[in-house]
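Let's take a walk through this structure together, from its ligand to its cores and then to a few single residues. Have the sequence at hand and turn the view as you read.

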Amino acid sequence: SNQSVYRATTTAPVNIAVIKYWGKRDTTLNLPTNSSLSVTLSQKSLRTLTTASCSANYPTEDTLNLNGKPQEIQSSKRTLACLSNLRALRKALEDANPSLPKLSTHPLRIVSENNFPTAAGLASSAAGFAALVRAVANLYELPQSPRELSRIARQGSGSACRSLMGGYVAWRTGELADGSDSLAEEVAPASHWPEMRALVLVVSAEKKDVPSTEGMQTTVNTSELFATRAESIVPQRMDAIEAAIRDRDFPKFAEITMRDSNTFHATCLDSWPPIFYMNDVSRAAVRLVHDINRAVGRTVAAYTFDAGPNAVIYYEEKDSELVAGTVKAILGANTTGWEGAFYEKLTSVTAP
Ligand code: PMV
């Protein structure tokens with residue numbers, strides 16, 4: 001009836017790229033200049049929990065509440081794009097099946113909560129938009145696959161398209177101007193490489209220097225290194241890291257991951273004016289990982305950094321004492337610079 005409230009609740013995980021997305025060829029549709037690849041982290045440690053509901057009785061505007069705070073949804077073009085895409089899919093279902101309730105005409109109420117500090121720069125927008133899209137798609141009972149929904153989540157935040165799937169996820173640039181082929185796809189499920197672990201090192205509360213959209217545009221427009229990375233370095237690395245994942249070749253996976261993080265941050269440094277995301281503490285983590293690998297005599301750990309100072313360190317379970325043990329003992333013992341919060345995660349497949 002008209003009085004009904006319809007509701008769906010879901011969670012979405014954080015993903016951390018090993019081949020970084022950096023650069024937009026279309027800023028409205030969030031179409032990337034290069035493909036990227038990420039590992040989806042376990043929802044036991046980092047996830048967004050989102051409830052979407054709708055009712056003919058709700059006040060006329062859609063609303064979004066994040067961590068207890070109402071958000072300015074009408075000025076967020078990215079959120080509006082996601083919601084209008086989802087509504088259009090629901091409307092098409094209703095047109096095809098007139099007995100369905102006309103949920104597409106109801107105002108939406110979205111309530112979202114992270115189980116990790118949102119301000120700490122831990123890819124919260126990826127989990128956030130993935131959860132928003134999944135929750136509304138469930139509410140609307142949309143038949144679209146995660147791959148098809150990734151096209152919508154991408155418009156919220158580029159990296160969000162990779163959080164609709166578990167395990168190892170590639171986001172292909174695509175070629176079409178409308179973005180219909182710029183989608184995420186699972187390269188391998190988490191179960192393919194059950195030994196993989198990620199340790200998230202939270203560097204003391206430092207706000208992101210330059211927001212990712214702004215930083216990307218500065219790099220695209222001013223860095224002379226940028227085109228080389230996007231056009232020739234990344235395509236080779238995508239092939240090589242997919243092979244390393246297929247073969248569960250950790251040293252190969254690790255070297256490509258570290259090199260791509262470094263090349264991404266090099267294009268930031270090469271931007272004009274230069275952009276710095278890593279700080280002294282980040283660099284201490286880089287040195288420590290190289291020291292551990294050198295001391296052990298094989299590559300047992302890989303660091304990667306997003307648009308902020310926090311480190312994610314990938315390693316295999318069999319090396320957890322060597323890697324997580326050493327990192328916690330050395331960096332964790334020194335409380336200066338580190339928040340002291342270590343999130344140790346298993347990578348795992350999401351089951352939406
Ligand atoms: O999804 P955005 O627009 O926040 O960009 C994310 C960019 C990086 O995190 C630095 C790289 C990536 O691929 O996730």
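**A guided tour**

Glu 141 is exposed, with a relative accessible area of 60%. Please keep in mind on this tour that the model is predicted. You will find Glu 141 in the loop between α2 and α3 (146–156). Its backbone deserves a look too: Glu 141 has a positive phi of about 50°, although it is not a glycine. That catches the eye because most residues other than glycine have a negative phi.

Asn 67 is another residue to check for this feature. Its phi is near 50°, again a positive value in a residue other than glycine. Look for Asn 67 in the loop between β7 (63–66) and β8 (69–70). Is Asn 67 buried, partly exposed or exposed? With a relative accessibility of 30%, Asn 67 counts as partly exposed, because buried means under 20% and exposed means over 50%.

One more backbone feature is worth a stop. Trp 272 and Pro 273 are joined by a cis peptide bond, with omega at about 0°. Most peptide bonds, by contrast, are trans. Pro 273 sits in the loop between α6 (250–269) and α7 (280–296).

Now turn to the ligand. Which residues come nearest to it? There are 14 residues around the ligand, and the nearest are Tyr 21, Ser 157, Ser 159, Arg 162 and Ser 212. Sorted by class, this shell holds 6 nonpolar, 5 polar and 3 charged residues. Both domain 1 (5–189) and domain 2 (196–346) give residues to the shell, so the ligand lies between the two domains.

Zoom in on the oxygen atoms of the ligand and you can pick out some short distances. A ligand oxygen is 2.5 Å from an N or O atom in the side chain of Ser 159. For Arg 162, a polar side-chain atom lies 2.8 Å from an oxygen atom of the ligand. Tyr 21 takes part through its backbone, where a polar atom is 2.9 Å from a ligand oxygen. How much of the ligand does the protein cover? On its own the ligand has 380 Å² of accessible area, and the protein covers 92% of this.

Let's move on to the nonpolar interior. The largest nonpolar core has 52 residues, and among these Phe 253 and Tyr 314 touch the most other members. Strand β12 (residues 196–203) gives the most to this core, with 6 residues. Domain 1 (5–189) and domain 2 (196–346) both contribute residues here, so this core lies between them. Apart from it lies another core, of 29 residues, including Ala 8, Cys 82, Ile 110 and Ala 131.

Two buried residues round off the tour. Ala 135 belongs to helix α2 (residues 124–139), and its relative accessible area of 0% makes it buried. Its C-alpha is 6.3 Å from that of Thr 51, although 84 residues separate Ala 135 and Thr 51 in sequence.

Asn 15 is in strand β2 (residues 15–19). With a relative accessibility of 2%, Asn 15 counts as buried, because that is under the 20% cut-off. Which side chains does the side chain of Asn 15 meet in polar contacts? One such contact, of 2.9 Å, joins Asn 15 to Ser 163, and another, of 3.4 Å, joins Asn 15 to Ser 38.

Technical notes
Residues numbered from 1 in each chain as written. Predicted model: local features only at pLDDT ≥ 70, side-chain atom pairs only at ≥ 80, totals over all residues. Heavy atoms only, no water. Near = heavy atom within 4 Å. Polar contact = N/O pair within 3.5 Å; in protein donor to acceptor, adjacent residues only side chain to side chain. Areas by Shrake-Rupley, 256 points an atom, 1.4 Å probe, with all protein chains shown as cover. Nonpolar A, V, L, I, M, F, W, Y, C, P; charged D, E, K, R; others polar. Domains from an automatic or database assignment. Core = buried A, V, L, I, M, F, W, Y, C linked by side-chain atoms within 4.5 Å. Buried < 20%, exposed > 50% of the residue type's maximum accessible area, 1.4 Å probe, protein only. Helix = DSSP H or I, 4+ residues; strand = E, 2+ residues; numbered from the N terminus.
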